[in-house]
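I opened this notebook to keep track of what I looked up in one structure, going from its pockets to its cores and then to single residues. The entries are short and follow the order in which I looked.

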Amino acid sequence: MSVSTELTAPVRTVAPAASGRGRRRLGRTAKYVLLIAFVIVVLMPVYVLVVTSLKPPSDVSPGTSWNLPVRWPWESATEGGATGFDNWKAAWAALAAPLGRTFLLAIPASLISAMLGSMNGFVLSRWRFPHADLVFTFILFGMFIPYQAIMTPLVQMKTSLGLPSDISTLLIVHIIYGLPICTLIFRNYYASIPHELMEASRVDGAGMLGTYWRIVLPLSLPGFVVTIIWQFTSAWNDYLFALFLTNVQGGPVSLALVNLSQGAQLANYGAAMAGALIASVPTLIVYILLGKYFIGGLMSGSVKS
């Protein structure tokens, strides 16, 4: 007797596609909600700065910091008295000259320290001279010494050398104290460049300087972007060095902004808020223009090729 059996394919249980899409949609929604919440938290101080800068002194008080202006500047301009626009005029009058001096500080400090850091990083990553690691360690010590600990001897050295209390002294200090971080960034970045490129340049007869100038420097754009952004921001926002080494008449915008907030116009919080917004614009522009290259430049030397 023959028995016929009917073979059937096993039934596979598949999760509904709609359920998977729903979970992904829920996760994406939660991510966007968190991002929006973070953006709101970050922008809250900016909102207070903007609305306060548009209020006349008579409308500014701690209890109404979050309120919109009762009278907008263009509405109250015909009524006489102070307006929100007067805050911006007063802030610009107080900060215009210090802004120019700060540009003369931040731009050369970032470019010079980046270039010197690039040279240091190339030598320390490719030229294995005796005690190279020890030299690199001593250079890095400058990153870990608190600035507050060296202010007294720094001021004494400035006085003994007869250096002026203006931007030129501050420029020298920022170049020197920017070298450790710039050297570290470039050393790590140059260590990721394939060694074959260096060997090929030596075969072609190029020395160390020729290799740096023709091979390494054209590949250094990511490192320069990172160090320039870092140094520009540090020099622009510096207050401690400016406080000890310069004065209001020859100092940067950070010193003038504090003087605007605590000086004769103490009661005019709107002018102080407008000044804070004006002083933050250059660094904001730098990050908008170069920010997308910043993370890429940091990561470019993190993995050795």
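**Entry 1: the pockets**

I began with the lining of the largest pocket, and I found that its residues divide into seven nonpolar, six polar and one charged. The model I am reading is a predicted one, and I keep that in mind throughout. I then looked up the space in this largest pocket, which is about 280 Å³. Of the 14 residues that line the largest pocket, I noted Y147, Y177, W230, Q231 and S234 as the closest to its centre. I also asked which helices supply at least two residues each to this lining, and I wrote down α4 (132-144), α6 (167-191) and α9 (221-237).

I went on to the second largest pocket, for which I noted a volume of about 160 Å³. Two elements, α5 (147-161) and α6, give two or more residues to the lining of this second pocket, and α6 gives the most, with five residues. Among the residues that line the second largest pocket I listed L154, M157, K158, L161, I172, I176 and L245. I saw Y177 in this lining as well, after I had met Y177 among the residues closest to the centre of the largest pocket. By class, I recorded nine nonpolar, one polar and one charged residues for the lining of the second largest pocket.

**Entry 2: the chain as a whole**

I stepped back to the protein chain, which has 12 helices and zero strands. Of its 305 residues, 36% count as buried. I looked up the accessible surface too, which comes to about 18400 Å², and I noted that 70% of it belongs to carbon and sulfur atoms. For the contacts with a separation of 6 or more, I found that residues 24 or more positions apart account for 76%.

**Entry 3: the nonpolar cores**

Before looking inside, I reminded myself that in soluble globular proteins, nonpolar side chains tend to be buried together. The largest nonpolar core here has 30 residues, and I marked L154, L170 and F241 as those with the most contacts inside it. I noted that at least two residues of this core come from each of α3 (84-126), α5, α6, α9, α10 (240-245), α11 (253-262) and α12 (269-300). Which helix gives the most to this core? I found that α3 does, with six residues.

I followed L170 further and, leaving aside its neighbours within four places in sequence, I found this residue in contact with L105, D238, F241, A242, L245, T246 and P252. I also recorded a second, separate core of 11 residues, which includes F186, Y189, V216 and F224.

**Entry 4: single residues**

I turned to N87, which lies in helix α3, and asked whether N87 is buried or exposed. I count N87 as buried because its relative accessible area is 1%, and buried means under 20%. Not counting residues up to four places away in sequence, N87 touches T52, S53, L54, K55, P57, N268, G270, A271 and A274.

Next I looked up M151 in helix α5, and I wrote this residue down as buried, with a relative accessible area of 2%. Leaving aside neighbours within four places in sequence, M151 is in contact with L240, F241 and F244. I noted that M151 and L240 are 89 residues apart in sequence, while their C-alpha atoms are 8.8 Å apart in space.

I then went to S201, whose place is in helix α7 (residues 195-203), and which is buried with a relative accessible area of 5%. Apart from residues up to four places away in sequence, S201 touches A206, T211 and I215. From S201 to Y212 I counted 11 residues in sequence, and the C-alpha to C-alpha distance is 9.7 Å.

My last residue was Y293, which lies in helix α12. I put Y293 down as partly exposed because its relative accessibility is 44%, and partly exposed covers values between the 20% limit for buried and the 50% limit for exposed. Finally, I noted that the C-alpha atoms of Y293 and G223 are separated by 9.7 Å, with the two residues 70 residues apart along the chain.

Key: Residues numbered from 1 in each chain as written. Predicted model: local features only at pLDDT ≥ 70, side-chain atom pairs only at ≥ 80, totals over all residues. Heavy atoms only, no water. Helix = DSSP H or I, 4+ residues; strand = E, 2+ residues; numbered from the N terminus. Buried < 20%, exposed > 50% of the residue type's maximum accessible area, 1.4 Å probe, protein only. Contact = heavy atoms within 4.5 Å. Areas by Shrake-Rupley, 256 points an atom, 1.4 Å probe, with all protein chains shown as cover. 1 Å grid on protein atoms, 1.4 Å probe; cavity = no way out; pocket = protein on both sides within 12 Å on 5 of 7 lines; lining within 4 Å. Points joined across faces, edges and corners; volume = space filled by probe spheres on them. Nonpolar A, V, L, I, M, F, W, Y, C, P; charged D, E, K, R; others polar. Core = buried A, V, L, I, M, F, W, Y, C linked by side-chain atoms within 4.5 Å.
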